[in-house]
Amino acid sequence: TGVRTCALPISNRHLTSNRPVGRAALAGVLVFLSAGRLAAQVPDAADGLKISRSQTTGRAGFVTAADGGAIAVRAAAGRAVAGPIDFFHQHGRLFGVSDPAAQLVVDKAEVSLLGQMHTTFKQMHRGIPVFAGVLKVHQSADGSFLAANGDFFPVPDDLQTTPTIQTQAAVDIAVKALAQGQPTVVRSDLLIVDPGWYGDPPIGA
């Protein structure tokens with residue numbers, strides 16, 4: 001999954017990335033656009049943080065406090081307590097996030113049996129979901145920030161997001177690529193994806 005383990009008592013269920021690999025997984029994407037893979041580097045330690053890199057993006061993939069304690073996060077103006085999105089306002093650059101309000105949307109928020117809070121964000125680009133772009137923020141029961149992990153994929157700002165083929169044509173391509181039995185199309189979605197993110201040859205922007 002590309003997620004590193006640590007000593008923090010966080011459930012593996014919340015640290016696991018559900019990033020699929022291989023052509024079969026990508027064939028299930030019925031409508032997709034390509035995005036070039038951009039090189040990005042982050043330091044192994046910054047702002048008192050311990051950073052493990054994602055093998056997929058080259059950016060941060062797992063972040064904790066260097067001393068094993070809580071990560072300092074400032075609350076947004078007008079708020080007494082920092083929320084999950086504030087983590088990315090302060091530290092999002094490590095993952096490649098430059099505009100959290102536009103690039104991230106809350107997918108779900110869960111509370112574990114230990115009382116820890118786990119907030120999952122989906123990556124967006126101009127309102128379109130980025131396939132498997134997921135970031136998670138993990139907080140203790142008192143709201144302290146324990147860790148963040150996930151993959152935020154590089155998408156060029158000038159990426160053309162208008163589909164060049166019709167939905168049915170994309171469906172036909174996906175069904176043919178699966179080449180197994182007679183698959184049924186349940187739904188079709190417009191997503192941004194580059195097979196190069198998952199080990200296949202990149203398409204490029």
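User: What does the protein chain average in pLDDT?

Analyst: This is a predicted model. The protein chain averages a pLDDT of 80, and 77% of the residues score at least 70.

User: Where does pLDDT stay under 50?

Analyst: That is the stretch of residues 1–43. For these residues the model has 128 contacts beyond four places in sequence.

User: How many helices and strands are there?

Analyst: The secondary structure of the protein chain comes to five helices and nine strands. Along the sequence, the pattern reads α-α-β-β-β-β-α-α-β-β-β-β-α-β.

User: And how much of the chain is buried?

Analyst: Buried residues make up 48% of the 205 residues in the protein chain. The chain exposes about 10,800 Å², of which carbon and sulfur atoms supply 53%.

User: What share of the contacts joins residues 24 or more positions apart?

Analyst: Among contacts in the protein chain with a separation of 6 or more, such residues account for 57%.

User: Let us turn to the inside. Which residues touch the most other members of the largest nonpolar core?

Analyst: They are Val-63, Ile-71, Phe-87, Phe-88 and Phe-95, in a core of 20 residues. The elements that give two or more residues to this core are β3 (49–53), β4 (60–65), α3 (84–91), β7 (128–139) and β8 (145–151). The largest share, three residues, comes from β4.

User: What does Val-63 touch?

Analyst: Leaving aside residues up to four places away in sequence, Val-63 touches Leu-49, Lys-50, Ile-51, Ile-71, Phe-87, Phe-95, Leu-146, Ala-147 and Ala-148. Among these, Ile-71, Phe-87 and Phe-95 also appear in the list of core residues that touch the most other members.

User: What other core is there?

Analyst: Another core, of twelve residues, lies apart from the largest one. Its members include Phe-131, Ala-132, Ile-192 and Trp-197.

User: Back to β4. Why is it described as largely enclosed?

Analyst: Six of the six residues of β4 are buried, so β4 is largely enclosed by the rest of the structure.

User: Which way do β3 and β4 pair, parallel or antiparallel?

Analyst: β3 and β4 pair in the antiparallel sense, over five bridges. In one of these pairings, Arg-53 has Ala-60 in β4 as its bridge partner. The two strands form a hairpin with six residues between them. In the turn, Gly-58 has a positive phi of about 80°.

User: How many bridges join β4 to β8?

Analyst: Three bridges join them, and β4 and β8 run antiparallel. Here Thr-64 stands opposite Ala-147 in β8. Ala-147 is also one of the residues that Val-63 touches.

User: New topic: how many salt bridges does a search of the whole structure find?

Analyst: The search finds two salt bridges. Side chains of opposite charge can pair when their charged atoms come close. In one salt bridge, Arg-79 pairs with Asp-86, and the closest N and O atoms are 3.7 Å apart. In the other, the side chains of Asp-189 and Arg-187 meet at 2.8 Å, N to O.

User: For the first of those, is Asp-86 buried or exposed?

Analyst: Asp-86 is buried, because its relative accessible area is 3%. Its partner Arg-79 is partly exposed, with a relative accessible area of 44%.

User: And where do Asp-189 and Arg-187 stand?

Analyst: Asp-189 is partly exposed, with a relative accessible area of 29%. Arg-187 counts as exposed, because its relative accessibility is 59%, and the cut-off for exposed is over 50%.

User: Where is Gly-115?

Analyst: Gly-115 is in the loop between β5 (104–111) and β6 (117–125). Gly-115 is partly exposed, with a relative accessible area of 24%.

User: What does Gly-115 touch?

Analyst: Not counting residues up to four places away in sequence, Gly-115 touches Ser-140 and Ala-141. Gly-115 and Gln-139 are 24 residues apart in sequence, and their C-alpha atoms are 9.0 Å apart in space.

User: One last residue: which helix holds Asp-172?

Analyst: Asp-172 lies in helix α5, which covers residues 167–178. At 44% relative accessibility, Asp-172 counts as partly exposed.

User: How far apart are Asp-172 and Val-185?

Analyst: Asp-172 and Val-185 are 13 residues apart in sequence and 9.7 Å apart in space, C-alpha to C-alpha.

Note on methods: Residues are numbered from 1 along each chain as its sequence is written. Side-chain values use heavy atoms; hydrogens and water are left out. pLDDT is the predictor's confidence in each residue, from 0 to 100. Contact means heavy atoms within 4.5 Å. A nonpolar core is a set of buried Ala, Val, Leu, Ile, Met, Phe, Trp, Tyr and Cys residues joined through side-chain atoms within 4.5 Å. Buried means under 20% relative accessible area, exposed over 50%, partly exposed in between (1.4 Å probe, protein chains only). Helices (H or I, at least four residues) and strands (E, at least two) are DSSP runs, numbered from the N terminus. Accessible areas come from the Shrake-Rupley method with a 1.4 Å probe; for residues, only the protein chains shown count as cover. Two strands pair if DSSP finds at least two bridges between them. A salt bridge is a side-chain nitrogen of Lys or Arg within 4 Å of a carboxyl oxygen of Asp or Glu.
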